[in-house]
Amino acid sequence: MRNYHTHTRRCYHAIDSEEEYIINAIKAGYSELGFSDHTPWRYHSSFHSSMRMEEDKLEGYVKTLRRLKEKYKNDISIKIGLECEYFPKYMDWLKEIIDEYELDYIILGNHFDDSDETGIYFGRPLNKAQLKKYVDNCIKAIKTGLYSYVAHPDLAFFNAQDPYYYEQMKRLCLCAKEYQVPLEFNLLGYSTHRHYPSNGFLKIVQEVKNQMIIGVDAHESQALLNKDLYFQVKSFLESLNIEVIEDIRFFR
Ligand SMILES: [Zn+2]
Ligand SMILES: [Zn+2]
């Protein structure tokens with residue numbers, strides 16, 4: 001059992017320290033745990049985001065995780081990553097920090113359009129143009145080759161019965177398939193009854209035959225203890241003939 005979608009209190013809307021997540025992951029029997037807290041961005045404006053770590057917290061995040069990786073090396077494998085949007089004007093900076101901090105991976109969390117300084121949040125009801133923008137952004141992100149998988153691909157809030165939803169989300173699924181990028185089944189959304197994971201979206205995944213990965217999206221260390229949910233969801237997806245994978249691509 002592995003999970004690559006883990007937050008920490010550094011992003012201000014999660015609780016618990018890195019070590020508390022690791023201890024619970026070991027308790028639950030995870031063989032590998034990847035941290036993917038919300039990335040900072042080096043904004044060109046004075047904008048301040050309250051849902052992500054600040055840039056000056058990044059070093060502490062990575063250092064803490066490297067120390068804990070060593071401390072618990074006999075019990076669990078730790079990977080260090082970030083959950084990142086696709087903000088075109090800041091992508092060069094993102095690539096620099098991936099190298100500077102020798103991150104293992106990043107996942108795509110396409111929360112905002114363009115940048116959260118000005119762009120809309122995609123998890124609220126969208127019109128057609130906004131849904132299309134969501135999918136366009138995901139496709140551009142996938143094509144960079146940087147993201148190991150797409151977190152909550154069905155975050156876009158739109159009527160899943162609408163043919164336009166099918167048409168747009170199918171473009172996302174086809175691109176992910178072509179670039180062999182897995183799509184996440186998000187356990188946080190599932191256990192808190194959010195609009196995602198969406199059954200309408202899963203039908204498209206089934207049809208396109210995408211690979212899926214289960215992401216806990218842990219915002220509290222307790223979430224890692226619920227392994228029954230993990231295996232229940234795995235069986236559910238397999239009963240739909242969806243391939244559930246655990247291997248993801250790493251930078252190094
Ligand atoms: Zn997210
Ligand atoms: Zn997340």
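Trainee: In this predicted model, what is the site of the zinc ion (ligand 2), given the angles among its four donor atoms?

Mentor: The angles among the four donor atoms run from 79 to 167°. Four donors would count as tetrahedral only if all angles lay between 85 and 135 degrees. The site of the zinc ion (ligand 2) is therefore classed as irregular.

Trainee: Which residues coordinate the zinc ion (ligand 2)?

Mentor: The donors sit at 2.0 to 2.4 Å from the ion. Along the chain they follow the spacing H-x1-H-x75-E-x133-D. The residues are H5 (NE2), H7 (NE2), E83 (OE) and D217 (OD).

Trainee: Which residue bridges the zinc ion (ligand 2) and the zinc ion (ligand 1)?

Mentor: The two ions lie 3.3 Å apart. The residue that bridges them is E83.

Trainee: Is E83 buried or exposed?

Mentor: E83 has a relative accessible area of 1%. Buried means under 20%, so E83 is placed in that class. H7, another donor to the zinc ion (ligand 2), has 0% relative accessibility and also counts as buried. The answer for E83 is buried.

Trainee: How are the axes of helix α5 (residues 163–178) and helix α7 (residues 199–208) oriented to each other?

Mentor: The two axes come within 10 Å and cross at roughly 45°. Because that angle falls outside the parallel, antiparallel and perpendicular ranges, α5 is oblique to α7.

Trainee: Which hand does the crossing of α5 and α7 have?

Mentor: The contact includes Y165, M169 and L174 of α5 and F201, I204 and V208 of α7. The crossing of α5 and α7 is right-handed.

Key:
Residues numbered from 1 in each chain as written. Chains lettered and ligands numbered in written order. Predicted model: local features only at pLDDT ≥ 70, side-chain atom pairs only at ≥ 80, totals over all residues. Heavy atoms only, no water. Donors = N, O, S within 2.8 Å, 3.2 Å for Na, K, Ca; no water. Tetrahedral: all angles 85-135°; square planar, octahedral: opposite > 155°, others 65-115°. Buried < 20%, exposed > 50% of the residue type's maximum accessible area, 1.4 Å probe, protein only. Axes fitted to C-alpha atoms, helices over the stretch in contact; angles between N-to-C directions. Helix = DSSP H or I, 4+ residues; strand = E, 2+ residues; numbered from the N terminus. Parallel < 35°, antiparallel > 145°, perpendicular 65-115°, else oblique. Left-handed = near helix turned anticlockwise from the far one by under 90°. Contact = heavy atoms within 4.5 Å.
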